[in-house]
Amino acid sequence: MRRLWLVAWGDEGPASFQPLLERSLTHVGAYDGARLVGFVNVAWDGGVHAFILDTCVDEAFRRQGIASKLVERAADVARQRGARWLHVDFEPHLEGFYRQCGFGPTAAGLMRLA
């Protein structure tokens, strides 16, 4: 996980990924053999709202539909586990990708805490 995080986000990420993954509704990985090449995490509120986080694919494996498949699988599992709504926040350059994944536009707010 650390190698993919570094490639995708440019830093080493949290000291341990275990607490994040333990609190997830689900998380989905894509592998090339034993190598993790894609990842998406689904957080949730314990009820009907789930949240896509940390969608990423190794640069060498991009443009192959891996991220789309990860989001599709994450949505399927979230639905099976009782979520009724799947939210995602994204930077403007990712709007086309998330629209193709089935996300519609919505008004939202964001407060920077750090």
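In this predicted model, His-49 stands opposite Trp-85 of strand S4. Strand S3, residues 49–57, and S4 run parallel and are joined by four bridges. Helix H1 (residues 2–9) packs on the sheet, where it touches S3 and strand S2 (35–44), and its direction makes about 85 degrees with that of S3. Helix H3, residues 66–80, lies across S1, S2, S3 and S4 and runs at about 160 degrees to S3.

The sheet as a whole is open and has four strands in the order S1-S2-S3-S4, with mixed pairing. Strand S1 (26–32) and strand S4 (85–88) each have a single partner strand, so these edge strands are left without a neighbour on one side. From one strand to the next, the twist averages 25 degrees.

Aromatic pairs number five in the model. Two of these pairs are set out below.

| Pair | Centre to centre | Angle between planes | Class |
|---|---|---|---|
| Trp-5 and Phe-17 | 5.4 Å | 55 degrees | tilted |
| Tyr-98 and Phe-103 | 5.7 Å | 80 degrees | edge-to-face |

Trp-5 belongs to helix H1, whereas Phe-17 lies in the loop between H1 and helix H2 (18–22); the pair therefore ties together parts that are twelve residues apart in sequence. Both Trp-5 and Phe-17 are buried.

Tyr-98 and Phe-103 are part of a cluster, linked by ring pairs, that also includes Phe-90 and Phe-97. Burial is assigned under 20% relative accessible area. Tyr-98 is therefore buried, at 5% relative accessibility, and Phe-103 is buried with a relative accessible area of 12%.

Methods. Residues are numbered from 1 along each chain as its sequence is written. This is a predicted model: local features need pLDDT of at least 70, side-chain atom pairs count only at pLDDT 80 or more; totals for chains, interfaces and linings use all residues. Side-chain values use heavy atoms; hydrogens and water are left out. Two strands pair if DSSP finds at least two bridges between them. Helices (H or I, at least four residues) and strands (E, at least two) are DSSP runs, numbered from the N terminus. Axes are lines fitted to C-alpha atoms, for helices over the stretch in contact, and angles run from 0 to 180 degrees between N-to-C directions. Contact means heavy atoms within 4.5 Å. Rings of Phe, Tyr and Trp (its six-membered ring) pair if their centres lie within 6.5 Å; planes under 30 degrees apart count as stacked, over 60 as edge-to-face and the rest as tilted. Buried means under 20% relative accessible area, exposed over 50%, partly exposed in between (1.4 Å probe, protein chains only).
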